[in-house]
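Good morning, and thank you for making time for this presentation. Please take a moment to look at the sequence and the structure, and then we will go through them together.

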Amino acid sequence: MVFTVADALDIDLLKDAGARVLTGSGSLDREVRWVHSSEISDIARFLRGGELLLTAGLGMGSTGALQQVFVRAAAHAGAAALVIEESGRMFDRVPDAVVAEGQACGLPIIALAREVSFAGVSSQVHEILTDKRLQALTHEREVESTFSNLLLDGADYLSIVQTLAELTDGTVVLENIAHRVMAYVGEFDEEAGIEGWDRHARGLHSDDSGCVRRPVLMRGQPWGWIHVFTDRPATERATAAFATERAAAAVAISLLTDRSREARDDQRSTALITRLLIGDLSGAEFIDQAGRLGYQLGSGQIVVVIANKDARDESSGPRAGRQIDTGAISADMGDYVVAVAAESGRTRAELAGLLGKMEHGGGMSRAVPASMLQVAVTQAKSAAAVSRSLPASPMLHFDDLGVERLLVTLAQGPELASFVEDELGPLLTKDAQSTTPLLPTLRAFLAVDGRKTEAAEKLFIQRRTLYNRLDRIAAILGKSLDDAATRQSLLLAVKGLDLLEGSSIVARRSGRP
């Protein structure tokens with residue numbers, strides 16, 4: 001969409017005039033925004049940048065010093081190129097002083113062997129610029145329409161990322177505010193790229209670096225960022241930047257309306273459980289409406305069970321036995337499966353079995369009366385979230401949780417991510433740039449409540465090595481690790497980091513709508 005100096009040299013009038021490049025052959029990709037012709041000496045003060053400046057040289061001066069001042073002023077004003085006639089009205093040949101100054105300033109100097117209609121050049125270039133702007137506006141409307149249609153069709157953020165990758169012909173990465181990758185599409189080295197993502201995400205960004213980044217804002221607050229990696233030249237990245245901005249807005253809207261895609265297998269069951277999860281139904285109303293659908297949850301104690309799913313595979317995760325157990329109603333909610341079941345003397349293992357083999361862990365509530373069903377939902381969600389953050393991904397009962405109950409609640413907003421960043425940000429940044437991260441040492445040290453001998457044994461290192469590492473950690477964080485309150489705060493931050501990493505959804509959709 002960008003019109004450059006090289007494009008201008010390709011128009012018929014300038015080619016017919018014998019245009020030749022005297023300086024700045026490496027800068028012919030400069031954008032031309034306007035054409036201006038002038039024969040006054042102080043024209044530079046009227047330039048705004050990006051002009052193709054046409055002149056017969058009458059205002060450039062008759063001495064080398066004046067001519068250099070003219071060229072230097074035009075370059076500093078941001079002229080895209082200076083086009084000079086060698087028609088004899090002022091010059092039979094572009095002076096050496098002009099060429100030398102053009103080389104010094106990096107300004108393309110173009111000589112015309114024959115006289116040319118400056119008005120004709122302006123008219124032709126401006127017509128091209130108008131056409132290109134119209135094409136750009138048309139393209140922008142098409143991009144906006146594409147993302148609007150996706151939202152109207154109820155698309156999730158994965159579909160939006162996929163579409164952005166197709167529009168930009170690049171690799172797209174969506175990350176949240178904690179720099180955890182939520183989705184990516186394209187040629188991306190998973191082993192090296194995902195694990196080393198902090199190095200890129202926490203670094204400086206500019207559109208000219210090959211990565212176009214735009215924030216995803218929800219209710220005025222940053223939720224995360226979209227990165228687009230493209231091989232396109234800098235002059236063509238405006239279209240990628242526009243598409244990225246619209247995709248970021250679409251992702252925010254999709255996240256705010258995420259409930260529209262929660263029904264998968266059985267719409268009636270899913271709709272009912274969705275209403276329960278959003279608080280639209282009381283426990284008694286849920287039991288009553290479930291009965292109308294054929295589920296007999298009874299009047300006794302109720303348990304809520306949640307199984308985590310692997311978001312990278314839409315077909316993964318347990319499929320609930322809704323058709324064979326009328327004492328339990330369940331639904332696939334996308335990232336997890338929920339079951340509401342009558343306890344009826346069932347053991348924890350039997351209740352967990354309602355959702356099949358839970359390879360990615362899950363959570364279970366206490367047995368509660370129908371009036372406390374909303375409380376049970378919260379309990380099961382909390383246990384499932386903590387399970388996702390643990391390496392073994394166990395099936396956790398709500399009673400198994402400790403301080404994680406508070407952390408799960410904070411993780412629903414930006415508070416926990418901000419707390420983790422405040423406490424561990426400098427260390428995470430340092431680890432992202434190092435081949436020997438220090439976070440495992442801090443984790444082991446905090447796990448044994450600061451007992452250095454036990455920590456060294458846990459890490460299989462000498463105590464002196466441990467002391468050196470702890471000193472480095474303390475210096476990076478600016479805190480004393482001997483202080484019990486500091487250790488407690490850091491332990492909460494590490495647990496919060498594990499929780500955020502466990503709840504991050506790393507998904508790749510390649511070639512799927």
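Let me begin with a question: is K452 buried, partly exposed or exposed? K452 is partly exposed, its relative accessible area being 29%. I should say at once that we are looking at a predicted model.

K452 has a charged partner. Its salt bridge is formed with D482, and the closest N and O atoms of the pair lie 3.8 Å apart. K452 belongs to helix α17, which covers residues 452–459, whereas D482 sits in the loop between α18 (463–477) and α19 (484–503), so this pair ties together parts that are 30 residues apart in sequence. D482 has a relative accessible area of 59% and is therefore exposed, the cut-off being over 50%.

Let me now step back to the chain as a whole. There are 513 residues, and 48% of them count as buried. The secondary structure consists of 19 helices and 15 strands. If we take the contacts in the chain with a separation of 6 or more, 68% of them are between residues 24 or more positions apart. The accessible surface amounts to about 24500 Å², and carbon and sulfur atoms contribute 50% of that area.

I return to the charged pairs. As a general point, side chains of opposite charge can pair when their charged atoms come close. How many salt bridges does the structure hold? The number is 19.

One of the salt bridges joins the side chains of K15 and D10, with an N to O distance of 3.8 Å. D10 counts as exposed, at 51% relative accessibility. K15, at 46%, counts as partly exposed, because the cut-off for exposed is over 50%.

Another salt bridge links R133 to E140, again with 3.8 Å between the closest N and O atoms. Which of these two residues is buried? E140 is buried, with 17% relative accessibility, because buried means under 20%. R133 is partly exposed, at 45% relative accessibility.

This last pair also belongs to a wider arrangement. Salt bridges that share partners bring R133, E140, R141, E144, R214, E245 and R246 together in one network.

To close, I would ask you to keep two places in mind as you examine the model. The first is the pair D482 and K452, which ties together parts 30 residues apart in sequence. The second is the network that includes R133 and E140. Thank you for your attention.

Methods: Residues numbered from 1 in each chain as written. Predicted model: local features only at pLDDT ≥ 70, side-chain atom pairs only at ≥ 80, totals over all residues. Heavy atoms only, no water. Helix = DSSP H or I, 4+ residues; strand = E, 2+ residues; numbered from the N terminus. Buried < 20%, exposed > 50% of the residue type's maximum accessible area, 1.4 Å probe, protein only. Contact = heavy atoms within 4.5 Å. Areas by Shrake-Rupley, 256 points an atom, 1.4 Å probe, with all protein chains shown as cover. Salt bridge = Lys/Arg side-chain N within 4 Å of Asp/Glu carboxyl O.
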